[in-house]
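Colleague: Before I use this structure, I would like to go through the labels put on it. Please set each label against its cut-off.

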Amino acid sequence: TVDSRHLFVRVLPNIHPELFPPNSQPLLVLVNSKSGGGQGADMLAAFQRLLNPHQVYSLTEGGPLPGFYAFRLIPDFRVLICGGDGTVGWVLSCLDDVLQELKCKMPSSAILPLGTGNDLSRVLQWGGGYSGGESPVSLLMAIDQAQEGFLDRWCVMFDSPDMTVPDTLSNDSGISSTSGREDDPSIFTMNNYFGIGIGAELCLDFHLQREEAPDKFHSRLHNKGVYFRAGLKKMVKGYSKTFSHEVEIEIDGKKLDLPTLEGIVILNISSWGAGTDAWGPDKDDGYAPACHCDGLVEVVGLQGVMHLGQIQSGIRTGIRLAQGAQVRIVNLLSQNKLYL
């Protein structure tokens, strides 16, 4: 132990790429063994049986770094990320940090969805959640036959006079953050979406409950029930109706004239809140269909908890506000600023 923290030592393999067959693409498997109510641990054991154990790493033992270090000299490899959207964001951000040390500069990534929402997995056609019925062998075959695609990833900068990230900034679904000196802005990498206002507050309530009792969040159905109950409490309690007057939003340099809203969501992908299409289907309103690789984000308005429920049930969609490549959001009361 060091400073009352337990440490462990792991011996990593010395892989010799020159012994591989020509044009081979070995698979690096990174598993969040805590995901999926026990499914993660089962998949970790299954892949360790099927593959060389030095290809399979548990993210609870040192995170993604041991796997990337072991594969650093391999000229071409692929990655299988087993976990939820947060796990995917964690691995991709770690990959950003170590990319210069890797001989393979753009490893393709596949997803085995073990989380609650799995929105990124849905968009990239890896499914809405692993049911446990599919064998690991068939999963490996699907990875081998999959086609490569691209994913936009966005840099989000939060700048505040007191440098405290607000609680109502949603950090759900694959957003990771880094910060430098105390007077530096916080930098986030967004893969899926982020929200401000009512939707973000519900995400925060869910996150705090899961942090307090992680053992209770063992299934997707239970987790969605927690979201539902949090929404009912918020509906009874009420929420600020002055959101539209407290926030100023610019898209590609053009200021938006906001209707009465209680929150907004900035979307990079077409799936939100466990498979909901908040942007809605294509229609003749001057906007392009939502896409995860078009260099644009979609800005959607939320009118309250009731509106959230209607979006989740498919009765309505969000309020389309804008599409663009640059976003600036200012809280007029605190002068907190977000740039994308």
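Modeller: Of the 340 residues of the protein chain, 45% count as buried. Bear in mind that this is a predicted model.

Colleague: What else describes the protein chain as a whole, in secondary structure and in exposed area?

Modeller: Its secondary structure comes to nine helices and 15 strands. About 17,900 Å² is exposed, and carbon and sulfur atoms supply 53% of that area. Among contacts with a separation of 6 or more, 73% join residues 24 or more positions apart.

Colleague: Why is cysteine 94 called buried?

Modeller: The label buried requires under 20% relative accessible area. Cysteine 94 has 10% relative accessibility, so cysteine 94 counts as buried.

Colleague: And what makes cysteine 293 partly exposed?

Modeller: Partly exposed covers the range between the buried limit of 20% and the exposed limit of 50%. Cysteine 293 stands at 39%, and therefore counts as partly exposed.

Colleague: How do you know that cysteine 293 is not bonded to cysteine 291?

Modeller: A disulfide is a covalent bond between the sulfur atoms of two cysteines. To be counted here, the two sulfur atoms must be within 2.5 Å. The closest cysteine sulfur to that of cysteine 293 is in cysteine 291, at 3.6 Å, which is too far for a bond. The structure holds zero disulfides.

Colleague: Which residues of helix 9 are buried, and what puts them on the same side of the helix?

Modeller: Helix 9 spans residues 305-313, and its buried residues are Val305, His307, Leu308 and Ile311. They cover an arc of only 155 degrees around the axis, so they lie on the same side of helix 9. After helix 9 comes glycine 314, with a positive phi near 85 degrees.

Colleague: Why are strand 8 and strand 13 described as standing at the edges?

Modeller: The open sheet has four strands in the order 8-11-12-13, with antiparallel pairing. Strand 8 (193-197) and strand 13 (319-324) each have a single partner strand, so one side of each is left without a neighbour in the sheet. On average, neighbouring strands of this sheet are turned by 20 degrees against each other, direction ignored.

Colleague: What makes strand 12 and strand 13 a pair?

Modeller: Pairing needs at least two bridges between the strands. Strand 12 (residues 297-302) and strand 13 have five bridges in the antiparallel sense, so they count as paired. Valine 299 stands opposite alanine 322 in strand 13.

Key: Residues are numbered from 1 along each chain as its sequence is written. This is a predicted model: local features need pLDDT of at least 70, side-chain atom pairs count only at pLDDT 80 or more; totals for chains, interfaces and linings use all residues. Side-chain values use heavy atoms; hydrogens and water are left out. Buried means under 20% relative accessible area, exposed over 50%, partly exposed in between (1.4 Å probe, protein chains only). Helices (H or I, at least four residues) and strands (E, at least two) are DSSP runs, numbered from the N terminus. The arc is that of the directions from the helix axis to the C-beta atoms. Contact means heavy atoms within 4.5 Å. Accessible areas come from the Shrake-Rupley method with a 1.4 Å probe; for residues, only the protein chains shown count as cover. Axes are lines fitted to C-alpha atoms, for helices over the stretch in contact, and angles run from 0 to 180 degrees between N-to-C directions.
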